[in-house]
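This report covers the strand pairings, two loop residues and one strand residue. Please view the structure first.

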Amino acid sequence: MKKLSSALPLAFILSLLLFPMGCAPHSTEPNPAESTENIAAMPAPAPQNSREDTANQISIRAGETVFTATLADNSSAQALKDLLRAGPLTVDLHDYNNMEKVGTLGTTLPENDERITTGPGDLILYQGNSLCIYYDTNTWDFTRLGKINGVTQAELKQALGEGDISVTLELLIPQ
């Protein structure tokens, strides 16, 4: 067996001193040499939620007014989305009891009735085949289809008018 040279341990020790192994703890303190002034000038990241936002939304056109509604999370709203995948659906609505507009869908959707109190902008499935757009309150066993986003009673009454009106429902196309 050969004898190791005494220079070998010295070379090993020098290599450890000259080439750190990276085991030093990392600091979470900001480096004062790095400038943070340019961070505000950086462009904001593009929104990542546009597809998710529109995946469960429909548009409702009433005359010249277009509303956006968010659909409920139930089999009735899913069936409505499936129906709208074939194209826009126009529903003739009639005023009922000065609290809602109601019209027949031309098909029957599954019901998920529960005791609810409606409010302005609620989209309700009634008896499986009628669409109701509420602009006032009512408590009954209904199936919630969704809700028109950010609309007031006055805005709904103005857009839907006093008599009959046709509305067109359409899926929003995810971006």
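A62 stands opposite T65 in β2. These residues belong to the pairing of strand β1 (residues 57-62) with strand β2 (residues 65-71), which is antiparallel and has 6 bridges. Strands here are DSSP runs of E with at least two residues, and helices are runs of H or I with at least four, both numbered from the N terminus. Two strands count as paired if DSSP finds at least two bridges between them.

The structure is a predicted model: local features need pLDDT of at least 70 and side-chain atom pairs count only at pLDDT 80 or more, while totals for chains, interfaces and linings use all residues. Residues are numbered from 1 along each chain as its sequence is written, and side-chain values use heavy atoms, with hydrogens and water left out.

**Confidence and overall make-up**

pLDDT is the predictor's confidence in each residue, on a scale from 0 to 100. Its mean over the protein is 80, and 68% of the residues reach 70 or more. Residues 10-50 stay under 50 throughout. For that stretch the model has 2 contacts beyond four places in sequence. A contact means heavy atoms within 4.5 Å.

The protein has 4 helices and 9 strands. Along the sequence their order is α-α-β-β-α-β-β-β-β-β-β-α-β. Take the contacts between residues at least 6 apart in sequence: 64% of them join residues at least 24 apart. The accessible surface is about 11900 Å², and carbon and sulfur atoms hold 55% of that. These areas come from the Shrake-Rupley method with a 1.4 Å probe; for residues, only the protein chains shown count as cover. Of the 175 residues, 31% count as buried. Buried means under 20% relative accessible area, exposed means over 50%, and partly exposed lies in between (1.4 Å probe, protein chains only).

**Strand pairings**

β1 and β2 form a hairpin with 2 residues between them. In its turn, G63 has a positive phi of about 65°. β2 also pairs with strand β8 (residues 139-148), in the antiparallel sense. β8 has further antiparallel partners, including strand β5 (residues 114-117) and strand β6 (residues 122-126). The table gives each of these β8 pairings with one pair of opposite residues.

| Pairing | Bridges | Opposite residues |
|---|---|---|
| β2 and β8 | 3 bridges | A69 and I148 |
| β5 and β8 | 4 bridges | R115 and D141 |
| β6 and β8 | 4 bridges | D122 and K147 |

**Two loop residues**

Which loop holds N97? N97 is found between β3 (89-96) and β4 (100-104). Its phi is positive, about 55°, although N97 is not a glycine. N97 counts as exposed because its relative accessibility is 58%.

Q127 lies in the loop between β6 and β7 (130-134). Q127 is not a glycine either, yet has a positive phi of about 55°. With a relative accessible area of 53%, Q127 is exposed.

**A residue in β1**

Is S59 buried or exposed? S59 lies in strand β1. Its relative accessibility is 12%, so S59 counts as buried. Which residues does S59 touch, leaving aside its neighbours within four places in sequence? They are V66, F67, T168, L169, E170 and L172. V66 and F67 fall within β2, residues 65-71. In a regular strand, side chains alternate between the two faces of the sheet.
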